[in-house]
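Student: I'm new to this one and would like a close look at a single part, and then a walk outward from there. Could you take me through it slowly?

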Amino acid sequence: MKILLTGANGYIGKRLLPVLLENGHEITCLVRDPRRFELEESLKEKVQIVKADLLDEASLQALPTNIDAAYYLVHSMGGSSDFYSAEARSATNFRTYLDRTSAKQVIYLSGLSYGNHLSQHMASRSNVAQIMRAGRVPVTVLRASIIIGSGSASFEIIRDLVEKLPVMVTPKWLNSRCQPIAIRDVLFYLSEVLTCEKCWDQTLDIGGPDILTYKQMLLKLAELRGLKRRIITLPILTPKLSSYWLYFLTSTSFSIARSLVASLKADTVVQNDQIKQLIPHECITYEEALKLAFSKIEQNSVISSWTDALVSGTIRQDYMDFVQIPQNGVLTDKQIIPLEGEHTHVLDNIWQIGGQRGWYKTDWLWNIRGFLDKLVGGVGLRRGRRHPFNLKAGDTLDFWRVLLADKQNKRLLLYAEMKLPGEAWLQFRIFEENGRNYLEQLAAFRPKGLWGRLYWYSLLPFHFIIFGGMARNLTKT
């Protein structure tokens, strides 16, 4: 079948793409910026990439019309404060596009919810489904509760809380019940409903075999990791305080934390199990899903992370336009270190920077900077990195985004996603001059007004400590 895949560079899309290709389908990926959509060499020849923005109806004219089906895997939960209207406009534009295609089915992955008093996040997901149903193309809506898998937002938040806090003082929503489902089972259902005509114009709930409270989920993960944890639930923590609690203690952004807290106040348990009759399948348990997630992490085989989507942070959508550091109006700190003999270890050190490896000098200062970034609504340091020694364009690296990771030409360029009165880059490259190799480390900052300049000059004493030591330590074996 000819399939259009939206959200192809998101957490679900990156994992669904190879599954669809393995099943023999022809895939066209809709992406907003092809520069940050990197595919493995084995997949490049099998995939067509089309640039379009679902919020811009005119850009959808470039999409193919001779498709058999489409996947709608996009959301704006962590984006603008008015994500409800943004998601509605995106869905409307996509439905208009689908009406002029030969598509026979559109598959939409939504969230599991019941009742009339939905959070804004869940109400938006329900509204998107309604918009899709108003079109010509039959819709299959899959609704899932918590998705557990290496790199998923839910898994990483639970892991953050359990591994970092021996004692947790938690909000009362931890007593709400949910029905977690493993990412492998979500992918199974997403691929199987594609060929199931009985699934057309259906809303199908999917969930694993376990019904647990969020408190039980935390304690189960602690037991699996051999950790003793105590959880104290207090009714006095309001949704706003709960959002801040989640934001400061985990790697999530505040906008996502706020949306999640609002959604988690109600139970998310499957009430309609029609999917069992239409597509018989035995889902794995919550504990098995956890073991599988940690296995992938230990094997360094995490395919995608929730941070891959731009809505995971605060960065502007056109950040890839900054792949060249400006020459004018930029304040810089440049360190050049001559290299002796073989220098492959220097390149390896550069490619392992951040995350668990740290920043090679005064990590405690980087941690303080990450904490201060959290205080003003930034992403902080907790996002880490997708892989311990592989990098590609679009990856998150603590509070940076990777603009360029060209190991062949020995250049790594990062763009700051932290809250700043300006724009910042950090570049590492190895170059040859007069028969000798050098490491160049360049920190560049384009200030925004007087506050930007004051910010840069106030940090100069710290730059002297951090950047010089970091460059020297990068050259060590």
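Student: Where is the place of serine 59?

Tutor: Let's start right there, keeping in mind that this is a predicted model. Serine 59 sits in the loop between S3 and S4. Being in a loop doesn't put this residue out in the open: its relative accessible area is 18%, and since buried means under 20%, serine 59 counts as buried. Leaving aside residues up to four places away in sequence, serine 59 touches Lys51, Ala52 and Asp53.

Now step out to the strands on either side of that loop. S3 and S4 both belong to an open sheet of seven strands, with parallel pairing and the order S3-S2-S1-S4-S5-S6-S11. Strand S3 (47-51) is at one edge and strand S11 (202-206) is at the other, and each of them pairs on one side only. Going from one strand to the next, the twist averages 20°.

Strand S4 (residues 69-72), on the other end of our loop, runs parallel to strand S1 (residues 2-6), and three bridges join the two. To find one partner by eye, pick isoleucine 3: its bridge partner in S4 is alanine 69.

Next, look at what lies against this sheet. Helix H4 (residues 120-133) packs on it, touching S4, strand S5 (105-111), strand S6 (139-144) and S11. The direction of H4 makes about 165° with that of S5. Helix H6 (residues 183-192) packs on the sheet too, touching S4, S5, S6 and S11, and its direction makes about 155° with that of S5.

There's also a pair of helices to look at. Two packed helices are described by the angle between their axes and the distance between the axes. For helix H5 (residues 153-164) and H7, the angle is about 65° and the axes are 10 Å apart. H5 and H7 are therefore roughly perpendicular to each other, and H5 passes H7 in a right-handed crossing. From H5, the contact is made by Phe155, Ile158, Arg159, Leu161 and Val162; from H7, by Met217, Leu218, Leu221 and Ala222. Sort those by class and you get eight nonpolar, no polar and one charged residues.

Stay on helix H7 (residues 214-224) a moment, where you'll find glutamate 223. Here's a contrast with the serine we began with: glutamate 223 is exposed, with a relative accessible area of 58%, whereas serine 59 is buried. Glutamate 223 and glycine 115 are 108 residues apart along the chain, and their C-alpha atoms are separated by 34 Å.

Finally, move on to another sheet. This open sheet has six strands in the order S14-S19-S18-S17-S16-S15, and the pairing is antiparallel. Strand S14 (331-338) and strand S15 (396-397) stand at the edges with a single partner strand each, so one side of each has no neighbour in the sheet. S14 pairs with strand S19 (residues 436-447) over eight bridges, in the antiparallel sense. Within that pair, leucine 331 stands opposite phenylalanine 445 in S19. Lying across S14 and S19 is helix H14 (residues 449-458), which runs at about 140° to S19.

One last residue here is leucine 403, in strand S16 (residues 400-406). Leucine 403 counts as buried, at 1% relative accessibility. From leucine 403 to alanine 393 is 10 residues in sequence and 5.1 Å in space, C-alpha to C-alpha.

How values were computed. Residues numbered from 1 in each chain as written. Predicted model: local features only at pLDDT ≥ 70, side-chain atom pairs only at ≥ 80, totals over all residues. Heavy atoms only, no water. Helix = DSSP H or I, 4+ residues; strand = E, 2+ residues; numbered from the N terminus. Buried < 20%, exposed > 50% of the residue type's maximum accessible area, 1.4 Å probe, protein only. Pairing = 2+ DSSP bridges. Axes fitted to C-alpha atoms, helices over the stretch in contact; angles between N-to-C directions. Contact = heavy atoms within 4.5 Å. Parallel < 35°, antiparallel > 145°, perpendicular 65-115°, else oblique. Left-handed = near helix turned anticlockwise from the far one by under 90°. Nonpolar A, V, L, I, M, F, W, Y, C, P; charged D, E, K, R; others polar.
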